[in-house]
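Me: Please take a close look at one helix of this structure, and then at what lies around it and elsewhere in the model. Keep it plain, as I am in my first year.

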Amino acid sequence: MIKAGGKMLKKWLKEAKYTVVFTGAGMSTESGLPDFRSSKGLWKQKDPTKLASIEALNNNVEAFIEFYRTRVLGVSEYKPHNGHYILADWEKRNIIRSIITQNVDGFHSDAGSKRVAELHGTLKKLHCQLCGKKYSSQEYINEEYHCECGGILRPSIVLFGEALPQDGFEMAYEEAKKADLFIVLGSSLTVTPANQFPIIAKQNGAKLVIINHDPTDFDRFADLVINDRKIGDVLKELDQQLN
Ligand code: ZN
């Protein structure tokens with residue numbers, strides 16, 4: 001069953017003219033990166049989703065910065081895994097055209113992928129909340145939290161209470177429309193509107209493949225579903241067959 005699925009996917013990857021990959025938390029956890037939502041206790045009973053908000057940035061800035069400094073430090077301890085590098089290589093070889101990601105760890109760019117729509121932004125960058133000037137998240141590691149204008153530096157990610165970054169969203173929309181093969185890797189597709197991209201691709205004629213540890217509500221729209229496998233292993237097998 002799984003082998004047949006892999007064989008079919010290899011055929012589709014070879015035939016497709018415009019393959020787009022969509023990645024979620026399952027891609028990052030294979031790097032060892034913990035899902036911050038499940039790291040309870042760390043935050044003294046505080047709900048991390050409350051700290052990850054525009055409300056906390058405005059009214060509880062010390063706790064906001066403490067939370068995000070820890071997240072920036074956390075991400076800096078981990079690296080892209082083999083699967084990230086295979087996707088970067090596939091882009092160079094025109095096997096895939098772009099990546100749409102829900103992840104904020106920046107691992108796709110670190111691995112060398114160029115065309116990445118970061119739907120929720122990136123923890124690798126900061127910007128000034130007041131003037132918009134861009135900084136590296138190294139500033140947080142160095143305990144620098146202010147712009148030269150005096151404004152607060154904040155991670156360039158989407159906080160609860162904010163809209164998605166326009167450029168990432170627009171790129172994702174265009175890519176999803178162009179795709180003739182759309183592969184979801186490690187997303188349970190529960191977050192709206194990110195989970196609309198597989199549907200947009202499907203409505204525009206793409207084949208939809210969902211590779212996720214657990215079944216998703218979108219499996220009924222998919223042409224192929226692979227569960228219970230590590231993404232890195234599936235990509236490695238496909239890569240060996242494509243060489
Ligand atoms: Zn500023």
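Reply: The helix chosen here is H6, whose buried residues are Gly83, His84, Ile86, Leu87, Ala88, Trp90 and Glu91. The model is a predicted one. Just past the end of H6 comes Asn94, which has a positive phi of about 60 degrees.

Two of the buried residues of H6, Leu87 and Trp90, also appear in the lining of the largest cavity. The whole structure was searched for cavities of 30 Å³ or more, and one was found. The largest cavity holds about 40 Å³ of space. Its lining consists of Leu9, Leu13, Val21, Leu87, Trp90, Ile183, Leu185, Leu235 and Leu238. Helix H6 (82-92) is one of the elements that give two or more residues to this lining, together with helix H1 (2-15), strand E7 (181-185) and helix H11 (231-242). Sorted by class, the lining of the largest cavity has nine nonpolar residues, with no polar and no charged ones.

The second largest pocket can be described in the same terms. About 550 Å³ of space lies in this pocket. Its lining is made of 26 residues, and those nearest the centre are Glu118, Gly121, Thr122, Lys125 and Ser156. Two or more lining residues come from each of helix H7 (107-111), strand E3 (116-118), strand E4 (121-128), strand E6 (153-157) and helix H9 (166-178). Of these, E4 gives the most, with five residues. By class, the lining of the second largest pocket has eight nonpolar, nine polar and nine charged residues. The lining of the largest cavity, by comparison, has no charged residues.

Strand E4 covers residues 121-128, and Cys128 is a buried residue because its relative accessibility is 1%, where buried means under 20%. Cys131 has a relative accessibility of 47%, so it counts as partly exposed. The number of disulfides in the model is zero.

Aromatic rings are the next topic. A pair of aromatic rings is described by the distance of the centres and the angle of the planes. Six aromatic pairs turn up in a search of the whole structure. In one of the pairs, Phe64 and Tyr68, the ring centres are 4.9 Å apart and the planes meet at 55 degrees, so this pair is tilted. The cut-offs explain the label: planes under 30 degrees apart would be stacked and planes over 60 would be edge-to-face, so an angle of 55 degrees falls to the rest. Both residues belong to helix H5 (residues 61-76), where they are four residues apart, about one turn of the helix. Phe64 has a relative accessible area of 0% and is therefore buried. Tyr68 is buried too, because its relative accessibility is 1%. Together with Phe67, the residues Phe64 and Tyr68 form one aromatic cluster.

The last stop is a loop. Asn212 sits in the loop that runs between strand E8 (207-211) and strand E9 (224-226). Although Asn212 is in a loop, it counts as buried because its relative accessibility is 9%. Leaving aside residues up to four places away in sequence, Asn212 touches Gly186, Ser187, Ser188, Ile226, Asn227 and Asp228. One of these contacts, Ile226, is in strand E9, which spans 224-226.

Key
Residues are numbered from 1 along each chain as its sequence is written. This is a predicted model: local features need pLDDT of at least 70, side-chain atom pairs count only at pLDDT 80 or more; totals for chains, interfaces and linings use all residues. Side-chain values use heavy atoms; hydrogens and water are left out. On a 1 Å grid over the protein atoms alone, a cavity is a set of points where a 1.4 Å probe fits but cannot get out, and a pocket is an open set with protein on both sides within 12 Å along at least five of seven lines; lining residues have an atom within 4 Å of a point. Grid points are joined across faces, edges and corners, and a volume is the space filled by probe spheres set on the points. Ala, Val, Leu, Ile, Met, Phe, Trp, Tyr, Cys and Pro count as nonpolar, Asp, Glu, Lys and Arg as charged, and the others, Gly among them, as polar. Rings of Phe, Tyr and Trp (its six-membered ring) pair if their centres lie within 6.5 Å; planes under 30 degrees apart count as stacked, over 60 as edge-to-face and the rest as tilted. Buried means under 20% relative accessible area, exposed over 50%, partly exposed in between (1.4 Å probe, protein chains only). Contact means heavy atoms within 4.5 Å. A disulfide is a pair of cysteine sulfur atoms within 2.5 Å.
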